[in-house]
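Got a minute to poke around a fold together? Have a look at the structure first, then we can trade some questions.

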Amino acid sequence: GKSYAAGGQYGFLPQHANLPPISQWGYDLVPPVWESDTEPFSAADISTVLITAGNFMQWQAPDAEYPTDPGVSPVSATEAIIDWINLQEEGVVFYIYENWPDMAPFLGNGFPPSENELAQYHLSTQSSFHDWWIEYQDFLLQSLPEEKVRMIPVGPIISGLLTEFLAGQLSPTELYEDDAPHGRPTLYFLAGLITYMAIYGEEAPSSFIPPETVSNVVQEQFEEITTYCWNALLDFNTAEGASRVFCELPSALDEGKTSIPVIAVFPNPANEQVTIQTTTETYELILFNLMGEALITYTGNTPAFNLPISILPKGVYILQLRDIED
């Protein structure tokens, strides 16, 4: 239901910082955003820019120089790109697109990975790899506080989906082509689904029918997959509780547009405490264990609070939100 034009440039951040950019991408159904051979970038009226770093640079800090580009780091190259674009166009929203890591270092006998190798790959995607991207965004939030620099954690959300909700339902060869790893239609569909919801700030409609090129597993569970990914985006926040993803409150969280209570819990998993945000004015929260026993009950009327959990044993818990009528 959306209309847009799109384009892009191949390469890595140091090349992208060699401005102006060149429009190199083309699509069968999506119109080009501008003709770089004949038009200036400013003529395109671009509103949204996605920037991504290489998926093999995470062995050193995001502000460290590239070994092949002295004086240039992922952070400095990104700052240069953002500064230049702001001279061409006002009000652009910048998204750091967090991809998924190189798979080759996890493989002992080449592609495809063994079950254990794939598990280690997904674990790294959600931990050390993800930590690099958070640090990358934090540098930019600090150096460019007036800019709208958001992040879409595509790789970690997909890894979480594959190891939790869809565990064991999709083989590596249904998702990846090689150890780079380039993706197959199902993987890119999931990436597109997450990116759509992050940029437009709304959950994808359950009535959407995935194309036949996508795995039947995803087609048949599209609504549940959408909800999983949407909740993961809602839960991706800074330590202060600000969204790392959304520039504005998503419509689904706007009290003026819905009567359904919405809850965000982060970090998840956690050791000491979790921060809970809700659109419900007066509520009761109950934390259950998997046996259905109520362990913690809390009644409140603030939009956010911290719930201590350090006294609880390690495990999986269920948090129930109940709206209390005035």
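What follows is a short round of questions and answers on this predicted model.

Q: How many disulfides does a search of the whole structure find?
A: A disulfide would need two cysteine sulfurs within 2.5 Å. The sulfur of Cys229 has its closest cysteine sulfur in Cys247, 20 Å away, so that is too far for a bond. Searching the whole structure therefore gives a disulfide count of zero.

Q: Is Cys247 buried, partly exposed or exposed?
A: Buried needs a relative accessible area under 20%, and exposed needs one over 50%. Cys229 comes out at 1%, so that cysteine is buried. Cys247 has 30%, which means it is partly exposed.

Q: In what order do the strands of the open three-stranded sheet run?
A: The pairing in this sheet is parallel. Strand S1 (48-51) and strand S3 (149-152) are the edges, each pairing on one side only. From one strand to the next the twist averages 30°. Put together, the order is S1-S2-S3.

Q: Which residue of S3 is the bridge partner of Tyr95?
A: Start on the S1 side: S1 and S2 pair in parallel over four bridges, and Leu50 stands opposite Tyr95 there. On the S3 side, S2 (residues 93-97) also pairs in the parallel sense, over four bridges. The partner of Tyr95 in S3 is Arg150.

Q: Which residue in S3 does Tyr97 stand opposite?
A: S2 covers residues 93-97 and pairs with S3 in the parallel sense. Tyr97 sits in S2, pointing one way along with Val93 and Tyr95. Its opposite number in S3 is Ile152.

Q: How many of the five residues of S2 are buried?
A: Look at both faces of the strand. Val93, Tyr95 and Tyr97 point one way, Phe94 and Ile96 the other, and all are buried. The strand is largely enclosed by the rest of the structure, because the buried count is five of the five.

Q: What handedness does the β-α-β unit made by S1, helix H2 and S2 have?
A: The two strands of the unit, S1 and S2, pair in the parallel sense. Helix H2 spans residues 74-88 and joins them in the unit. Its handedness is right-handed.

Q: About what angle does the direction of helix H4 make with that of S3?
A: Helix H4 (residues 128-143) packs on the sheet, and its contacts take in S1, S2 and S3. Angles here run from 0 to 180 degrees between N-to-C directions. For H4 and S3 the value is about 170°.

Q: Which residue's backbone oxygen lies 3.3 Å from a polar side-chain atom of Gln137?
A: Gln137 is in helix H4, and at 0% relative accessibility it counts as buried. Setting aside neighbours within four places in sequence, Gln137 contacts Val149, Arg150, Met151 and Arg244. The backbone oxygen at 3.3 Å belongs to Val149.

Q: How many of the 10 residues of helix H5 are buried?
A: Helix H5 runs over residues 154-163 and is mostly covered. Its buried residues are Val154, Gly155, Pro156, Ile157, Ile158, Ser159, Gly160, Leu161 and Leu162. That makes the count nine.

Q: Thr195 is in helix H7, but is it buried or exposed?
A: Helix H7 covers residues 185-200. Beyond its neighbours within four places in sequence, Thr195 is in contact with Leu50, Tyr97, Ile152 and Val154. Its relative accessible area is 11%, so Thr195 is buried.

Q: How far apart in space are Pro21 and Ile194, C-alpha to C-alpha?
A: Pro21 lies in the loop between helix H1 (13-16) and S1, and is buried at a relative accessible area of 18%. Not counting residues up to four places away in sequence, Pro21 touches Gln9, Trp34, Ser36, Phe41 and Trp84. Ile194 is 173 residues from Pro21 in sequence, and their separation in space is 26 Å.

Q: Which residues make up the covered face of strand S8?
A: S8 (residues 304-308) is joined to strand S5 (residues 273-278) by five bridges, running antiparallel. In that pairing, Gln277 stands opposite Ala304. Ala304 belongs to the uncovered face with Asn306 and Pro308, while the covered face is Phe305 and Leu307.

Key:
Residues numbered from 1 in each chain as written. Predicted model: local features only at pLDDT ≥ 70, side-chain atom pairs only at ≥ 80, totals over all residues. Heavy atoms only, no water. Buried < 20%, exposed > 50% of the residue type's maximum accessible area, 1.4 Å probe, protein only. Pairing = 2+ DSSP bridges. Contact = heavy atoms within 4.5 Å. Polar contact = N/O pair within 3.5 Å; in protein donor to acceptor, adjacent residues only side chain to side chain. Right-handed = clockwise from strand over helix to strand, strands pointing away.
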